[in-house]
Each structure stands twice: as structure tokens, then as C-alpha cells.
Amino acid sequence: MSQMPQQAAVSKCPSCEEPLESGDRFCGACGYDLSAVPARPDDSPTIALNGAVPPPSSAPDGVDWPVARDSDGFGRPAPVHAAAEVPGTDSGGSPLPPHPPAAPPMPSAAPPMPPGTPPVPRTAPGPAAPGVRFDHPAGPEQEPVHGPEDGREPDAYPREPDAYPREPDEYPLQAPDPRSAAAPPAPAAPPASEKVCVACRAGRVDDDGYCENCGHAQPRERDHMEQESGPVAAVSDRGLRHHRNEDAFSVGCTALPDGAPASVAIVCDGVSSATRPDDASLAASRAAGESLLAALPRGTHPQQAMHDAILAASHAVNALAEEPETAREQAPHQNAPACTLVGAVVTAGLLVVGWVGDSRVYWVPADRSAPPARLTEDDSWAAQMVAAGLMSEAEAYADERAHAITGWLGADAYELEPHTASFKPDRPGVVVVCTDGLWNYAESAEEMAEAVPLDAAARPLHSARVLVGHALDGGGHDNVTVALVPFPAPPQGAGSA
């Protein structure tokens, strides 16, 4: 591989003492050809140890270096010689052609110009750069500034700086806009209809969920959800271990035909081993909630309305199995979309619950001296072992198969058997509707009652947040969803304090 010819290492220009950088071939200040610099001798001191300057003599390299003057008149050390005063050779050893005379350096301060004279462009000290054009073209009474293309050396200055009779036509200069000196405007905020980045608060979020300004990935909408509808509130969180939230809920309030208030809460948990579990839980919760809110005002008994709502949720989940998106996502080890469901309807004097799967409903009285209760039975392997008398409850739930469900909503489910039950509590309290992401950390009714805040009936949204925090503090191994419904149903318009 060819290489560049080597030259002696010089730290300063021999002509003007300007500091040099490694690899410079010409001095940036005076234009001196550095390839003509001979190698310095190994030991040629210019000042003796006693401080005396030795008499001039021929240097070992055969070049007589002129003695430097003290100053060039501008406070800078004067160059010891011009570039052409020292003979040199090119990289091949041939003598260099004579150098053209260098232009005088530009003074640090330009002489005063007559009033009204346009400014002349400034250049750095040193020889005029060939091919440089000034901002103003030559006027009719001024000789042009020459360049190398016409065979003449470029002039350092215009010959008559005051001979500009008119504004130039070829390159008119526009006066600077005072607004351009102001700070650059901040990036325009996205329209209110578009999502704004949670990191920079300025960028628009694209369809892939990333900020177009700073590139941050945005949290998905279902990672954490909260909703309050009258006296009912629900909170759902992805948890600390799952990559997405496969839970969903639906809450609402309506009125019975006699005007009595009714509150509804539905909570669904997607089956992780199935295809599209997040879509299954969302479809089931919406279908069940809409069915209840439509049936109760018509006079349907709350328990029958709950049964019909579970069937409507089942149909919605079954329909997902026929969608092309399911076929594209389904892996060989996955089943059809599936989820569990649990719900509660609270009227003035009646509490109705319904479920399929292992999500639960707890009753927590306002008077904590009264016993709480769990109102549902799991469709799970552990519950079957306990019901058959084969294991105690502690033994069954300690088994690794404890949370294997035996009932769910989905196209591949066994014969659907919705469970419903009705209760008439004799005192006020709060109904806790939750997935196993919460009750894993408060399994018994007593543990759940201890985790529920004392003012849960008055502040259901705050209390739902507290319960989700309880699960996250315990480890957050699963998605966590909880809905709180005060009992009896308070008058319409009541909500969290």
C-alpha cells in the first residue's frame, strides 16, 4: 500500500513560529511550505548554559537561518524570513519552483472608511485565498478584483473601496431580520386529538407507540387503568412481572324500573396460555357490562340478568376464535381466546354475584367487628380437590396445580355453567370484585378485610388503588384488577369523597 512521504516533525512554523499540528504540510498563518524544512540536528542549542547567545554559524544542515526581529509592529514576533528565501525540495527531492511573493498581512483593525461606504469582507491574516469573491461586484469606476482564472495574482483589497456608486444587482444583500436573533421557537405541540409523549411532553406518538421527537416507547393504555362511575370504582394494573395487562373490567350505574339505583361491576382475567387473552378479557367485560346495564332497567331480575350477561360474554369471546387475527397469532401450543369472569350487581337491598373461573367476590362489612365472607367458589383444580375431600384447603392451594382452572369462557371451553348467587346483607359494607392477581396476596376473607381501607364505601377509587398497591408490594407476579361496590347502593350521584 502506498504511503505519504515522511517529513521532519516540526512543532512550530520556521517562518512565523505559528504552532503546527501533526500532518500539516503548509503553515496556516504564512503559507510556508513545511516539506522544505530540513531535519533538525540532534543537538544544536541556540542559548549557552551561561545565557550568552553563540555567534552565528552555519547550521549542521547547511542552512543559515536569519536572526529573528523582536516584533513585526503589531505586537507579534516578526517572521525570520519569507517562504521563498529558503531553498527546499519537494517530497521526491527535486528543487521547488520559486514561490510567488506573499501578500502583506491584514491589519488587526481596518482603517476608517468614509461614511456610507459598504463594508469590505474580512479574511484571516495571510495570503489572499484564490478564487474568493467579495460581496459587492465591481462598479463602473473600479477595477475588478482579479482571481487566478485570468492569469493574474488576486488583489488583497479592492483598489478603491469608496467607489461603489450603486447597490449591486447580482448578489443583493438583505438586511438581517431582527427576529432571527431571537431564540428558536419551541417545537409545536401536537394537536389535542393526538397522543403526547409522556417523556418529553412535546412529541407526537406514532402508531407503533414510540415518540417521534425523543424516541421513547410509550406505556400502553391498558398497563394501568382507572375508572369511577357513580359510587363504583375499579383499577387495573399490569403488575411487575407480566409484559402486558390481560385483565379488563367494566363498571356502571343504572336504575331499576321503580327508580331504585343499581350498581354493576364486571372483572375478567385473560387465560395466558390461550391466544389473544387480552382481547378475550376486554370483549367479555364489555359484553357483560352492556348486557346488565340494558337488562336491569327493563325489569329483568338481577340474578337472571347476571346469568344472561355471562352468556353474552361467552358469545363475544367465542367470536374471537373465528377472526383472522386469531389464526395469525395462534401458536401450536395455544388454545382459542379465553378468559374468566366475575361480576356483582348491587341494588338497595340485594347483592347478586356471578362467575366462571377463579376470580372472586368478597363481602367486607363496614363494621369490622362483623365477619367478612367470600361469596364465590373457584372453578379450579384446588377447589375440586377440597370439594371431593381429597385435600385440605391449605394442602390444595400449596400444590403447583392449584390455579389450573376447570371453567372459563372460550370456544374450546367445556360445557358452560354460569354460577350465580344472591345475598341480602343485613348491614352496610363494600363488595370487592377481583382477579387472582389480588387475592393471591389476601386469600382468606379475613386477610382481604384487613387490606380494605376503613373508608372504602365512601372512597371506592382510593381504596381500589390501595388494594392494587397491596398486591404490587407483595410481589405483583400477576395482573391486578379490583372493583369496589358499596352496599347498599347509595343514591344516584354519590361518588368518592
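Is Trp-439 buried or exposed? Select Trp-439 in this predicted model and the answer is that Trp-439 is buried, because its relative accessible area is 1%, where the cut-off for buried is under 20%.

**The whole chain**

Before zooming in further, colour the chain by confidence: the mean pLDDT is 78, and 65% of the residues reach 70 or more. Residues 1-8 have pLDDT below 50, and this stretch makes 8 contacts in the model beyond near neighbours in sequence. Residues 120-158 also have pLDDT below 50, and here the model shows 66 contacts beyond near neighbours in sequence. In cartoon view the chain has 8 helices and 12 strands, and of its 497 residues 38% count as buried. Among contacts between residues at least 6 apart in sequence, 60% join residues at least 24 apart.

**Aromatic pairs**

A search of the whole structure finds 3 aromatic pairs, and two stops on this tour belong to that topic. Select Trp-363 and Phe-487 first: their ring centres are 5.7 Å apart and their planes stand at 85 degrees, so the pair is edge-to-face. Trp-363 belongs to strand β7 (residues 360-365) and Phe-487 to strand β12 (residues 480-487), so that the pair links distant parts of the chain, 124 residues apart. Trp-363 counts as buried at 9% relative accessibility, and Phe-487 is buried with a relative accessible area of 5%.

Now return to Trp-439 and add Tyr-397, its partner in an edge-to-face pair with 6.4 Å centre to centre and 90 degrees between the planes. Because Tyr-397 lies in helix α5 (residues 393-398) and Trp-439 in helix α6 (residues 436-439), the pair ties together parts that are 42 residues apart in sequence. Tyr-397 is buried too, with a relative accessible area of 15%. Adding Arg-360 to the selection shows its charged end over the ring of Trp-439, 3.4 Å from the ring centre.

**The nonpolar cores**

Next, display the largest nonpolar core, which has 31 residues; Val-432, Leu-438, Met-448, Val-452, Leu-467, Val-482 and Leu-484 touch the most other members. Helix α8 (residues 460-474) supplies the largest share of this core, 5 residues. Centre on Val-432 and, leaving out residues up to four places away in sequence, its contacts include Arg-360, Tyr-362, Met-448, Leu-467 and Leu-484. In soluble globular proteins, nonpolar side chains tend to be buried together.

Staying in helix α8, pick Ser-463, which counts as buried because its relative accessibility is 0%. Apart from neighbours within four places in sequence, Ser-463 is in contact with Pro-453, Asp-455, Ala-456 and Leu-484.

A second, separate core of 26 residues can be shown next, and its members include Ala-260, Ala-262, Met-306 and Ala-309.

**Helix α2**

Finally, select helix α2 (residues 302-320) and check its length: at 1.5 Å a residue its 19 residues should span 27 Å, and the end C-alpha atoms are 28 Å apart, which agrees. Which residues of α2 are buried? They are Pro-302, Ala-305, Met-306, Ala-309, Ile-310, Ala-313, Ser-314, Val-317 and Leu-320. An α-helix has 3.6 residues a turn, so residues three or four places apart point the same way. To see what surrounds the buried residues of α2, show α1 (277-295), α3 (324-329), β5 (338-346), β6 (351-356), β9 (409-410) and β10 (419-423), against which they pack.

How values were computed: Residues numbered from 1 in each chain as written. Predicted model: local features only at pLDDT ≥ 70, side-chain atom pairs only at ≥ 80, totals over all residues. Heavy atoms only, no water. pLDDT = per-residue confidence, 0-100. Contact = heavy atoms within 4.5 Å. Phe/Tyr/Trp six-rings, centres within 6.5 Å; stacked < 30°, edge-to-face > 60°. Helix = DSSP H or I, 4+ residues; strand = E, 2+ residues; numbered from the N terminus. Buried < 20%, exposed > 50% of the residue type's maximum accessible area, 1.4 Å probe, protein only. Lys NZ or Arg CZ within 6 Å of the ring centre and 35° of its normal. Core = buried A, V, L, I, M, F, W, Y, C linked by side-chain atoms within 4.5 Å. Expected span 1.5 Å × (residues − 1).
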